[in-house]
Amino acid sequence: MVQVNTTQAGNGNSKDLPVVLVLRPPPVLKMFEDRFAERFRILKAYNSGLPLDRFLASSPQAQSATALLCYGGIAMTDGIPISGEILRQLPSLKIVVSTSTGVNYIDVSECRRLGISVVNAGDSVSEDVADMAVGLFIDVLRKISAADRYVRKGCWAASQDFPLGYKLRDKRVGIIGLGNIGTRVAKRLEAFGCKISYNSRKKKDSISYHFYNDLCELAAESDALIICCNLNDQTRHMIDGKVMYALGKHGVIVNVGRGEIVNEKEMIECLVRGEIGGAGLEAFEDEPNVPQELLGMENVVLSPHNGIFTVESLESLCEVTIGNLEAFFTQKPLLSEIMEDW
Ligand SMILES: O=CC(=O)O
(Lines give C-alpha, C1' and ligand atoms only; values in the text may rest on other atoms or scores of the structure.)
Protein backbone atom coordinates (compact mmCIF):
# COMPACT_ATOMS: atom_id res chain seq x y z
CA MET A 1 0.00 0.00 0.00
CA VAL A 2 1.37 3.38 -0.97
CA GLN A 3 0.36 6.61 0.67
CA VAL A 4 1.17 9.60 -1.50
CA ASN A 5 1.70 13.07 -0.16
CA THR A 6 -1.20 15.04 -1.57
CA THR A 7 -0.75 18.10 0.61
CA GLN A 8 -1.86 21.18 -1.26
CA ALA A 9 -1.35 24.87 -0.72
CA GLY A 10 -4.47 26.74 0.40
CA ASN A 11 -6.40 23.62 1.24
CA GLY A 12 -7.02 22.79 4.84
CA ASN A 13 -9.44 19.91 4.33
CA SER A 14 -8.51 18.24 1.07
CA LYS A 15 -9.72 14.80 2.21
CA ASP A 16 -13.34 15.72 1.44
CA LEU A 17 -12.59 16.90 -2.07
CA PRO A 18 -12.96 14.75 -5.20
CA VAL A 19 -9.72 13.04 -6.20
CA VAL A 20 -7.94 13.88 -9.46
CA LEU A 21 -5.02 11.66 -10.41
CA VAL A 22 -2.03 13.34 -12.10
CA LEU A 23 0.89 11.37 -13.52
CA ARG A 24 2.96 14.44 -14.52
CA PRO A 25 1.83 17.97 -13.69
CA PRO A 26 0.53 19.89 -16.75
CA PRO A 27 1.92 23.44 -17.02
CA VAL A 28 -1.52 24.84 -16.19
CA LEU A 29 -1.65 22.87 -12.94
CA LYS A 30 1.82 24.09 -11.97
CA MET A 31 0.77 27.67 -12.69
CA PHE A 32 -2.61 27.56 -10.93
CA GLU A 33 -2.04 24.88 -8.33
CA ASP A 34 -3.96 26.83 -5.66
CA ARG A 35 -7.09 27.04 -7.81
CA PHE A 36 -7.06 23.30 -8.43
CA ALA A 37 -6.25 22.55 -4.81
CA GLU A 38 -9.25 24.54 -3.58
CA ARG A 39 -11.56 22.22 -5.48
CA PHE A 40 -9.85 18.84 -5.87
CA ARG A 41 -7.51 16.55 -4.04
CA ILE A 42 -4.64 16.17 -6.49
CA LEU A 43 -3.17 12.70 -6.27
CA LYS A 44 0.40 13.33 -7.37
CA ALA A 45 1.82 10.10 -8.81
CA TYR A 46 4.98 12.06 -9.57
CA ASN A 47 5.62 12.55 -5.85
CA SER A 48 5.33 8.88 -4.94
CA GLY A 49 9.00 8.09 -5.51
CA LEU A 50 7.91 4.84 -7.22
CA PRO A 51 8.03 3.77 -10.87
CA LEU A 52 4.65 4.63 -12.37
CA ASP A 53 3.51 1.03 -12.88
CA ARG A 54 4.24 0.13 -9.27
CA PHE A 55 2.51 3.21 -8.01
CA LEU A 56 -0.62 2.60 -10.07
CA ALA A 57 -0.79 -1.05 -9.07
CA SER A 58 -0.23 -0.50 -5.36
CA SER A 59 -1.97 2.77 -4.51
CA PRO A 60 -5.58 2.28 -3.35
CA GLN A 61 -6.19 5.96 -4.13
CA ALA A 62 -5.06 5.48 -7.76
CA GLN A 63 -7.14 2.32 -8.02
CA SER A 64 -10.26 4.21 -6.97
CA ALA A 65 -9.51 7.44 -8.90
CA THR A 66 -12.26 8.31 -11.39
CA ALA A 67 -10.56 11.35 -13.02
CA LEU A 68 -7.14 11.64 -14.65
CA LEU A 69 -5.66 15.05 -15.52
CA CYS A 70 -2.95 14.98 -18.20
CA TYR A 71 -1.28 16.70 -21.13
CA GLY A 72 1.03 15.80 -23.97
CA GLY A 73 2.46 16.65 -27.33
CA ILE A 74 3.59 20.09 -26.26
CA ALA A 75 7.30 20.79 -26.08
CA MET A 76 9.06 22.21 -23.04
CA THR A 77 7.14 19.61 -21.07
CA ASP A 78 7.34 15.92 -20.39
CA GLY A 79 3.85 14.47 -20.55
CA ILE A 80 3.20 10.73 -20.39
CA PRO A 81 1.32 8.96 -23.20
CA ILE A 82 -2.02 7.73 -21.87
CA SER A 83 -1.75 4.28 -23.40
CA GLY A 84 -4.16 1.38 -23.21
CA GLU A 85 -1.76 -0.17 -20.70
CA ILE A 86 -2.08 2.79 -18.33
CA LEU A 87 -5.85 2.96 -18.80
CA ARG A 88 -6.24 -0.70 -17.98
CA GLN A 89 -4.32 -0.19 -14.74
CA LEU A 90 -6.93 2.31 -13.55
CA PRO A 91 -10.12 0.25 -13.06
CA SER A 92 -12.27 3.09 -11.67
CA LEU A 93 -11.36 5.67 -14.30
CA LYS A 94 -14.32 7.47 -15.90
CA ILE A 95 -12.78 10.59 -17.42
CA VAL A 96 -9.47 11.70 -18.96
CA VAL A 97 -9.06 15.47 -18.87
CA SER A 98 -6.44 16.67 -21.34
CA THR A 99 -5.07 20.17 -20.96
CA SER A 100 -3.75 19.91 -24.54
CA THR A 101 -5.99 20.44 -27.55
CA GLY A 102 -4.38 17.56 -29.44
CA VAL A 103 -5.19 14.20 -27.85
CA ASN A 104 -2.90 12.11 -30.05
CA TYR A 105 -1.02 11.00 -26.90
CA ILE A 106 -4.21 9.39 -25.51
CA ASP A 107 -5.50 6.02 -26.69
CA VAL A 108 -8.95 7.46 -27.41
CA SER A 109 -10.37 4.26 -28.89
CA GLU A 110 -9.39 2.31 -25.79
CA CYS A 111 -11.08 5.02 -23.70
CA ARG A 112 -14.24 4.53 -25.78
CA ARG A 113 -14.04 0.76 -25.34
CA LEU A 114 -13.66 1.16 -21.58
CA GLY A 115 -16.46 3.76 -21.37
CA ILE A 116 -14.08 6.56 -20.34
CA SER A 117 -14.91 10.11 -21.50
CA VAL A 118 -12.14 12.27 -22.95
CA VAL A 119 -12.15 16.06 -22.83
CA ASN A 120 -9.55 18.48 -24.19
CA ALA A 121 -8.69 22.19 -24.01
CA GLY A 122 -11.74 22.95 -26.16
CA ASP A 123 -11.58 26.35 -27.73
CA SER A 124 -9.65 27.97 -24.89
CA VAL A 125 -6.34 28.42 -26.71
CA SER A 126 -7.45 28.57 -30.37
CA GLU A 127 -7.07 32.36 -30.78
CA ASP A 128 -3.47 32.32 -29.68
CA VAL A 129 -2.52 29.32 -31.79
CA ALA A 130 -4.15 31.00 -34.81
CA ASP A 131 -2.16 34.17 -34.10
CA MET A 132 0.99 32.08 -33.95
CA ALA A 133 0.21 30.51 -37.35
CA VAL A 134 -0.30 33.91 -38.93
CA GLY A 135 2.80 35.26 -37.20
CA LEU A 136 4.96 32.43 -38.51
CA PHE A 137 3.56 32.88 -42.02
CA ILE A 138 4.23 36.63 -42.05
CA ASP A 139 7.69 36.03 -40.59
CA VAL A 140 8.60 33.61 -43.39
CA LEU A 141 7.29 35.97 -46.11
CA ARG A 142 8.67 39.20 -44.65
CA LYS A 143 11.80 37.64 -43.08
CA ILE A 144 11.30 39.33 -39.71
CA SER A 145 13.45 36.88 -37.70
CA ALA A 146 16.10 36.87 -40.43
CA ALA A 147 16.08 40.70 -40.47
CA ASP A 148 16.50 40.74 -36.69
CA ARG A 149 19.60 38.53 -37.03
CA TYR A 150 20.88 40.76 -39.85
CA VAL A 151 20.65 43.89 -37.69
CA ARG A 152 22.13 42.28 -34.58
CA LYS A 153 25.06 40.85 -36.53
CA GLY A 154 25.95 44.33 -37.80
CA CYS A 155 25.18 43.43 -41.45
CA TRP A 156 23.01 46.55 -41.87
CA ALA A 157 25.74 48.83 -40.59
CA ALA A 158 28.15 47.02 -42.92
CA SER A 159 25.79 47.79 -45.86
CA GLN A 160 25.34 44.14 -46.76
CA ASP A 161 22.39 43.18 -48.97
CA PHE A 162 19.22 41.82 -47.41
CA PRO A 163 16.99 39.71 -49.68
CA LEU A 164 13.54 40.87 -50.76
CA GLY A 165 10.53 39.46 -48.97
CA TYR A 166 7.09 38.59 -50.36
CA LYS A 167 3.77 40.39 -49.99
CA LEU A 168 1.04 38.77 -47.88
CA ARG A 169 -1.94 40.26 -49.74
CA ASP A 170 -3.39 38.04 -52.50
CA LYS A 171 -1.55 34.93 -51.33
CA ARG A 172 -3.54 31.75 -51.90
CA VAL A 173 -3.60 29.92 -48.59
CA GLY A 174 -4.65 26.29 -48.15
CA ILE A 175 -5.75 25.58 -44.60
CA ILE A 176 -5.49 21.95 -43.58
CA GLY A 177 -8.04 21.24 -40.87
CA LEU A 178 -10.80 23.82 -40.61
CA GLY A 179 -11.69 23.37 -36.93
CA ASN A 180 -11.47 25.90 -34.10
CA ILE A 181 -7.92 26.94 -35.00
CA GLY A 182 -8.09 26.62 -38.79
CA THR A 183 -11.26 28.72 -38.96
CA ARG A 184 -9.58 31.49 -37.02
CA VAL A 185 -6.46 31.38 -39.19
CA ALA A 186 -8.71 31.68 -42.25
CA LYS A 187 -10.58 34.71 -40.81
CA ARG A 188 -7.35 36.48 -39.94
CA LEU A 189 -5.76 35.87 -43.34
CA GLU A 190 -8.94 36.89 -45.18
CA ALA A 191 -8.62 40.24 -43.42
CA PHE A 192 -5.09 40.50 -44.86
CA GLY A 193 -6.47 39.95 -48.36
CA CYS A 194 -5.47 36.30 -48.80
CA LYS A 195 -7.59 33.84 -50.76
CA ILE A 196 -8.55 30.86 -48.60
CA SER A 197 -9.14 27.23 -49.59
CA TYR A 198 -9.13 24.21 -47.31
CA ASN A 199 -8.90 20.50 -46.85
CA SER A 200 -10.52 18.66 -43.97
CA ARG A 201 -12.10 15.27 -43.30
CA LYS A 202 -15.21 16.39 -45.11
CA LYS A 203 -16.50 19.42 -46.96
CA LYS A 204 -18.33 21.84 -44.67
CA ASP A 205 -21.58 22.92 -46.30
CA SER A 206 -21.84 26.13 -44.29
CA ILE A 207 -18.39 27.34 -45.44
CA SER A 208 -17.87 29.19 -48.71
CA TYR A 209 -14.09 28.61 -49.02
CA HIS A 210 -13.18 26.22 -51.80
CA PHE A 211 -12.79 22.65 -50.52
CA TYR A 212 -10.17 20.28 -51.93
CA ASN A 213 -10.44 16.63 -51.10
CA ASP A 214 -7.06 15.99 -52.69
CA LEU A 215 -4.06 17.50 -50.90
CA CYS A 216 -1.87 17.68 -54.01
CA GLU A 217 -4.60 19.62 -55.83
CA LEU A 218 -4.93 22.00 -52.88
CA ALA A 219 -1.13 22.43 -52.78
CA ALA A 220 -0.94 23.08 -56.53
CA GLU A 221 -3.52 25.89 -56.17
CA SER A 222 -1.86 27.41 -53.05
CA ASP A 223 1.10 29.63 -52.18
CA ALA A 224 1.12 28.31 -48.63
CA LEU A 225 -0.27 25.39 -46.65
CA ILE A 226 -1.11 26.02 -43.01
CA ILE A 227 -1.47 22.85 -40.99
CA CYS A 228 -4.06 23.09 -38.23
CA CYS A 229 -5.48 19.54 -38.15
CA ASN A 230 -5.22 16.79 -35.55
CA LEU A 231 -2.64 14.06 -35.67
CA ASN A 232 -4.15 10.61 -36.15
CA ASP A 233 -3.55 7.55 -38.31
CA GLN A 234 -5.05 9.30 -41.35
CA THR A 235 -3.04 12.51 -41.00
CA ARG A 236 0.37 11.10 -40.01
CA HIS A 237 2.91 12.13 -42.70
CA MET A 238 0.12 13.30 -45.00
CA ILE A 239 2.20 16.35 -45.95
CA ASP A 240 4.91 14.51 -47.83
CA GLY A 241 7.32 15.20 -50.68
CA LYS A 242 4.55 14.82 -53.29
CA VAL A 243 2.39 17.48 -51.66
CA MET A 244 5.40 19.79 -51.27
CA TYR A 245 6.41 19.28 -54.87
CA ALA A 246 2.87 20.30 -55.89
CA LEU A 247 3.12 23.36 -53.64
CA GLY A 248 6.13 24.49 -55.61
CA LYS A 249 9.34 26.47 -55.35
CA HIS A 250 7.86 29.56 -53.70
CA GLY A 251 5.45 27.64 -51.50
CA VAL A 252 5.50 27.93 -47.72
CA ILE A 253 4.56 25.32 -45.12
CA VAL A 254 3.33 26.51 -41.71
CA ASN A 255 2.74 23.88 -39.03
CA VAL A 256 0.94 24.65 -35.77
CA GLY A 257 -0.47 21.12 -35.46
CA ARG A 258 1.80 18.20 -34.67
CA GLY A 259 5.23 17.49 -36.15
CA GLU A 260 4.32 14.04 -37.44
CA ILE A 261 1.65 15.42 -39.78
CA VAL A 262 4.56 16.50 -41.96
CA ASN A 263 7.14 14.06 -43.26
CA GLU A 264 10.00 16.06 -41.77
CA LYS A 265 12.75 14.23 -43.64
CA GLU A 266 11.07 14.92 -46.98
CA MET A 267 10.38 18.52 -45.99
CA ILE A 268 14.07 19.05 -45.23
CA GLU A 269 15.02 17.49 -48.59
CA CYS A 270 12.56 19.80 -50.35
CA LEU A 271 13.96 22.83 -48.52
CA VAL A 272 17.55 21.84 -49.30
CA ARG A 273 16.75 21.34 -53.00
CA GLY A 274 14.70 24.55 -53.19
CA GLU A 275 11.53 22.62 -54.08
CA ILE A 276 9.60 24.70 -51.56
CA GLY A 277 10.29 28.30 -50.58
CA GLY A 278 10.25 28.20 -46.78
CA ALA A 279 8.61 27.02 -43.60
CA GLY A 280 7.29 28.37 -40.30
CA LEU A 281 7.28 25.59 -37.76
CA GLU A 282 6.26 25.26 -34.16
CA ALA A 283 5.79 21.49 -34.21
CA PHE A 284 8.45 18.87 -34.90
CA GLU A 285 8.60 15.11 -35.12
CA ASP A 286 10.88 14.61 -32.12
CA GLU A 287 10.38 17.61 -29.85
CA PRO A 288 12.32 19.29 -28.41
CA ASN A 289 14.93 18.02 -30.89
CA VAL A 290 14.89 20.17 -34.02
CA PRO A 291 16.80 18.68 -36.97
CA GLN A 292 20.20 20.30 -37.35
CA GLU A 293 19.62 21.12 -41.04
CA LEU A 294 16.69 23.42 -40.18
CA LEU A 295 18.77 25.45 -37.74
CA GLY A 296 20.92 26.95 -40.48
CA MET A 297 18.12 27.83 -42.95
CA GLU A 298 17.32 31.53 -43.30
CA ASN A 299 13.97 30.76 -44.99
CA VAL A 300 12.75 28.72 -42.02
CA VAL A 301 11.27 30.22 -38.84
CA LEU A 302 11.34 28.02 -35.75
CA SER A 303 9.33 28.24 -32.56
CA PRO A 304 9.38 25.91 -29.52
CA HIS A 305 5.74 24.72 -29.78
CA ASN A 306 4.64 27.62 -27.61
CA GLY A 307 1.53 28.80 -29.47
CA ILE A 308 -0.68 28.29 -26.42
CA PHE A 309 1.71 29.84 -23.96
CA THR A 310 0.24 33.27 -23.28
CA VAL A 311 -0.96 34.50 -19.91
CA GLU A 312 -4.51 34.76 -21.28
CA SER A 313 -4.60 31.31 -22.87
CA LEU A 314 -3.32 29.59 -19.75
CA GLU A 315 -5.92 31.47 -17.72
CA SER A 316 -8.77 30.29 -19.96
CA LEU A 317 -7.26 26.80 -20.16
CA CYS A 318 -7.36 26.72 -16.35
CA GLU A 319 -11.05 27.72 -16.43
CA VAL A 320 -12.07 25.07 -18.97
CA THR A 321 -10.05 22.36 -17.21
CA ILE A 322 -11.57 23.12 -13.83
CA GLY A 323 -14.98 23.52 -15.51
CA ASN A 324 -14.73 20.04 -17.05
CA LEU A 325 -13.66 18.45 -13.77
CA GLU A 326 -16.43 20.18 -11.83
CA ALA A 327 -18.99 19.20 -14.45
CA PHE A 328 -17.84 15.59 -14.23
CA PHE A 329 -17.97 15.45 -10.43
CA THR A 330 -21.42 17.07 -10.33
CA GLN A 331 -22.80 15.01 -13.25
CA LYS A 332 -23.33 18.04 -15.47
CA PRO A 333 -22.64 18.15 -19.23
CA LEU A 334 -18.91 18.25 -20.00
CA LEU A 335 -17.62 21.44 -21.62
CA SER A 336 -15.34 20.04 -24.31
CA GLU A 337 -15.83 16.34 -24.78
CA ILE A 338 -14.11 14.69 -27.75
CA MET A 339 -17.07 13.27 -29.61
CA GLU A 340 -15.58 11.64 -32.71
CA ASP A 341 -12.45 9.67 -33.42
CA TRP A 342 -9.38 11.87 -33.80
O1 LIG B 1 -0.26 21.95 -29.19
C2 LIG B 1 -0.96 22.39 -28.34
C3 LIG B 1 -2.12 21.69 -27.82
O4 LIG B 1 -2.41 20.57 -28.26
O5 LIG B 1 -2.80 22.26 -26.94
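Reader: What puts a backbone N or O atom of Gly-102 in polar contact with an oxygen atom of the ligand?

Author: In this predicted model, a backbone N or O atom of Gly-102 sits 2.9 Å from a ligand oxygen. The cut-off for a polar contact is 3.5 Å, so this pair qualifies. Thr-101 passes the test too, because one of its backbone N or O atoms is 2.8 Å from an oxygen of the ligand. With Arg-258, a polar side-chain atom lies 2.7 Å from a ligand oxygen, and that value is also within 3.5 Å.

Reader: How do you know how much of the ligand the protein buries?

Author: Taken alone, the ligand exposes 190 Å², and the protein buries 93% of that area.

Reader: Which residues come nearest to the ligand, and how many of those around it are polar?

Author: There are 7 residues around the ligand, and Ser-100, Thr-101, Gly-102, Arg-258 and His-305 come nearest. By class, the shell holds 4 polar, 2 nonpolar and 1 charged residues.

Reader: Let's turn to the rings. How many aromatic pairs are there in the whole structure?

Author: The search finds 4 aromatic pairs.

Reader: Why is the pair of Tyr-198 and Phe-211 called tilted?

Author: Look at the distance and the angle. The ring centres are 5.3 Å apart, which is within the 6.5 Å limit, so the rings pair. Their planes meet at 55 degrees. Stacked needs under 30 degrees and edge-to-face needs over 60, so 55 degrees makes this pair tilted.

Reader: What does the pair tie together?

Author: Tyr-198 belongs to strand S7 (residues 195-199) and Phe-211 to strand S8 (residues 210-211), so the pair joins parts 13 residues apart in sequence.

Reader: Is Phe-211 buried or exposed?

Author: Phe-211 has 18% relative accessibility, and the limit for buried is under 20%, so Phe-211 counts as buried. Tyr-198 has a relative accessible area of 0%, so Tyr-198 is buried as well.

Reader: Which residues do ring pairs link into a cluster?

Author: Phe-40, Phe-328 and Phe-329 are linked that way.

Reader: How do you know that strand S1 and S2 pair?

Author: Count the bridges. S1 (residues 19-22) and S2 share 4 bridges in the parallel sense, and at least two are needed, so the strands pair. Val-20 has Ile-42 as its bridge partner in S2, while Val-22 has Lys-44. S1 also runs parallel to strand S3 (residues 67-70), joined by 3 bridges, with Leu-21 opposite Leu-68.

Reader: Which way do the residues of S2 point?

Author: Arg-41 and Leu-43 point one way, Ile-42 and Lys-44 the other, and all are buried.

Conventions. Residues numbered from 1 in each chain as written. Predicted model: local features only at pLDDT ≥ 70, side-chain atom pairs only at ≥ 80, totals over all residues. Heavy atoms only, no water. Near = heavy atom within 4 Å. Polar contact = N/O pair within 3.5 Å; in protein donor to acceptor, adjacent residues only side chain to side chain. Areas by Shrake-Rupley, 256 points an atom, 1.4 Å probe, with all protein chains shown as cover. Nonpolar A, V, L, I, M, F, W, Y, C, P; charged D, E, K, R; others polar. Phe/Tyr/Trp six-rings, centres within 6.5 Å; stacked < 30°, edge-to-face > 60°. Buried < 20%, exposed > 50% of the residue type's maximum accessible area, 1.4 Å probe, protein only.
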